[in-house]
Amino acid sequence: MINQPQENSLQHIAFIMDGNGRWAKKRGMPREYGHTVGAKVFRRVAEYCFRQGIGTVTIYAFSTENWKRPQKEVNAIMDIFKNYLKMGLSEMTEDNIRIRFLGEKTPFAPDVRATMEKIERKSSANKYNLNVAVNYGGRAELVQAVNRLMQSGVTHVDEAALSNAIDTSGQPDPDLIVRTGGEMRLSNFLMWQSVYSELYFTDVLWPDFTDSDVDAAIAEFHARNRRFGGV
Ligand code: IPE
Ligand code: IPE
Ligand code: MG
């Protein structure tokens, strides 16, 4: 099934949380410190969106390209992620939040993968949908979906079949994509799902991002005129 977005209804908001490193540098701190603070903001923002009645929130936490960063920074991000799995994300499942990870889990250590799968399983009947994109890339997601379909013997696909084979299967496409940190690009995020997303860019660095910044993005979304190719 294709989840065509509806005009004016904000069912799914996605965030590219960018600017952690610059935020820390501005304070004379190592980039890793920005990621630690950014992880806390992540939870507050997601929970705020759910309180605003938005059913699905996606957060881009680590891209397939982010492995290119210096080993020290990658290790620090992975440590933060591991702690976060045990604390923040596990706690969120108790607040009726269903957590799913977008991206290929194979590069993660077996114990980390097992925890990710356990969180997904444990929260699968919860109401609010939180997607955490880690080791996520829009191109990798599509390639993997095509390979999966071929392995199942499929010789012809249509848009619905591909939509069902990707990591966000069954979920609405993002109505609004918010990127903090001032860059105006998607950086390999949700390339299939974003075709009709409204894009919102702000210079605010992710660790500074507040609930009222979320309100500003939502207000801008409601002021847009979505036509989906029509008139
Ligand atoms: C976003 O912040 C978090 C990740 C990509 C993991 P950055 O680390 O990209 O921060 P800047 O853009 O360098 O400031
Ligand atoms: C995009 O941010 C990825 C995430 C936020 C996880 P980057 O900082 O990696 O993007 P570029 O390098 O500026 O495109
Ligand atoms: Mg960045």
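**Ligand contacts and helix packing**

In this predicted model, a polar backbone atom of Gly 21 lies 2.9 Å from an oxygen atom of ligand 1. Two side chains also make polar approaches to this ligand. A polar side-chain atom of Asp 18 is placed 2.8 Å from an oxygen atom of ligand 1, and an N or O atom in the side chain of Arg 69 is 2.7 Å from an oxygen atom of ligand 1. In total, 13 residues surround ligand 1, and the closest are Met 17, Asp 18, Arg 22, Arg 31 and Arg 69.

Asp 18 and Arg 69 also appear in the surroundings of ligand 2, together with Ile 16, Met 17, Tyr 60, Ala 61, Phe 62, Ser 63, Asn 66, Arg 179, Arg 185 and Ser 187. For Asp 18, a polar side-chain atom is 3.1 Å from an oxygen atom of ligand 2. For Arg 69, the corresponding distance from a polar side-chain atom to an oxygen atom of ligand 2 is 3.2 Å. Asn 66 has a polar side-chain atom 2.8 Å from an oxygen atom of ligand 2.

Arg 31, listed among the closest residues to ligand 1, belongs to helix 2 and takes part in its contact with helix 3. Helix 2 spans residues 31-51 and helix 3 spans residues 71-93; the two pack with their axes 10 Å apart, at an angle of about 25°. Because angles under 35 degrees count as roughly parallel, helix 2 is roughly parallel to helix 3. Their crossing is right-handed. On the side of helix 2 the contact is made by Arg 31, Glu 32, His 35, Thr 36, Ala 39, Phe 42, Arg 43, Ala 46 and Glu 47. Helix 3 contributes Lys 72, Glu 73, Ala 76, Ile 77, Ile 80, Tyr 84, Gly 88, Leu 89, Glu 91 and Met 92. Sorted by class, this contact holds nine nonpolar, seven charged and three polar residues.

Helix 3 packs against helix 4 (residues 110-122) as well, at an angle of about 10° and with the axes 11 Å apart. Helix 3 and helix 4 are therefore roughly parallel to each other. Phe 81, Lys 82, Leu 85, Leu 89, Ser 90 and Thr 93 of helix 3 meet Val 112, Thr 115, Met 116, Ile 119 and Lys 122 of helix 4. By class, six residues of this contact are nonpolar, three are polar and two are charged. Leu 89 of helix 3 takes part in the contact with helix 2 and in the contact with helix 4.

Terms used. Residues are numbered from 1 along each chain as its sequence is written. Chains are lettered from A and ligands numbered from 1 in the order in which they are written. This is a predicted model: local features need pLDDT of at least 70, side-chain atom pairs count only at pLDDT 80 or more; totals for chains, interfaces and linings use all residues. Side-chain values use heavy atoms; hydrogens and water are left out. Axes are lines fitted to C-alpha atoms, for helices over the stretch in contact, and angles run from 0 to 180 degrees between N-to-C directions. Helices (H or I, at least four residues) and strands (E, at least two) are DSSP runs, numbered from the N terminus. Angles under 35 degrees count as roughly parallel, over 145 as roughly antiparallel, 65 to 115 as roughly perpendicular and the rest as oblique. A crossing is left-handed if the near helix is turned anticlockwise from the far one by less than a right angle, and right-handed if clockwise. Contact means heavy atoms within 4.5 Å. Ala, Val, Leu, Ile, Met, Phe, Trp, Tyr, Cys and Pro count as nonpolar, Asp, Glu, Lys and Arg as charged, and the others, Gly among them, as polar. A residue is near a molecule or strand if one of its heavy atoms lies within 4 Å of it. A polar contact is a pair of N or O atoms within 3.5 Å; within protein, one must be able to donate a hydrogen and the other to accept it, and residues adjacent in sequence count only if both atoms are side-chain atoms.
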